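Reader: I would like a close look at one part of this model, the place where two of its helices pack against each other. Please take me through the contact itself and then through what surrounds it.

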Amino acid sequence: YSRAEVERQIRNAWAGDDDKAVAVADCESGLNPRASSPSGINLGLWQMRRETWRTYGGPGDDPRDSSAYVQTQVAWRLFQSRGWSPWPGCA
């Protein structure tokens, strides 16, 4: 994915302030849907744990296996439930 393509997918999937969503995802992963934290616990564009991914309707077991669009749809559901609190260092 290019940064421009990932940004476009975020803007298409996020129903709120998509400028902030792009900024948070950039801070979390550098807009890389295949990113993982050094520990391997936080995964994908939004750096979700596997259990959070599944809880909010992510398909499969690993966010990195889904497009930036799908990852952002799941992040939007998480945001609707918990606001920006899941991303305290970036939001």
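**The contact of α1 with α4**

Author: In this predicted model, the contact is made by Val-6, Gln-9, Ile-10, Asn-12 and Ala-13 on the side of α1, which meet Ala-68, Tyr-69, Thr-72 and Gln-73 in α4. Sorted by class, the residues of this contact are five nonpolar and four polar, with no charged residue among them.

As for the geometry, helix α1 covers residues 3-13 and helix α4 covers residues 68-82, and their axes come within 8 Å of each other and cross at roughly 40°. Because angles from 35 to 65 degrees fall outside both the roughly parallel and the roughly perpendicular ranges, α1 is oblique to α4. The crossing in which α1 passes α4 is right-handed.

Turning to α1 by itself, its buried residues are Val-6, Gln-9, Ile-10 and Ala-13. Viewed down the axis of α1, these buried residues fall within an arc of 100°, and they therefore line one face of the helix. An α-helix has 3.6 residues a turn, so residues three or four places apart point the same way. The cover over the buried residues of α1 includes α4 and also α2, the helix of residues 18-29.

On the other side of the contact, Thr-72 has its place in helix α4, and it counts as buried because its relative accessibility is 0%, where the cut-off for buried is under 20%. Leaving aside residues up to four places away in sequence, Thr-72 touches Ile-10, Ala-13 and Trp-14, and it also touches Leu-45 and Trp-46. Of these partners, Ile-10 and Ala-13 are listed among the buried residues of α1.

Beyond the helix pair, the loop between α2 and α3, the latter being residues 50-55, holds Leu-31, and Gln-47 lies in the loop between α2 and α3 as well. Leu-31 has a positive phi of about 60° although it is not a glycine, and for Gln-47, likewise a residue other than glycine, phi is positive and near 55°. Leu-31 counts as buried because its relative accessibility is 4%, and Gln-47, at 13% relative accessibility, counts as buried too.

Methods
Residues are numbered from 1 along each chain as its sequence is written. This is a predicted model: local features need pLDDT of at least 70, side-chain atom pairs count only at pLDDT 80 or more; totals for chains, interfaces and linings use all residues. Side-chain values use heavy atoms; hydrogens and water are left out. Axes are lines fitted to C-alpha atoms, for helices over the stretch in contact, and angles run from 0 to 180 degrees between N-to-C directions. Helices (H or I, at least four residues) and strands (E, at least two) are DSSP runs, numbered from the N terminus. Angles under 35 degrees count as roughly parallel, over 145 as roughly antiparallel, 65 to 115 as roughly perpendicular and the rest as oblique. A crossing is left-handed if the near helix is turned anticlockwise from the far one by less than a right angle, and right-handed if clockwise. Contact means heavy atoms within 4.5 Å. Ala, Val, Leu, Ile, Met, Phe, Trp, Tyr, Cys and Pro count as nonpolar, Asp, Glu, Lys and Arg as charged, and the others, Gly among them, as polar. Buried means under 20% relative accessible area, exposed over 50%, partly exposed in between (1.4 Å probe, protein chains only). The arc is that of the directions from the helix axis to the C-beta atoms.
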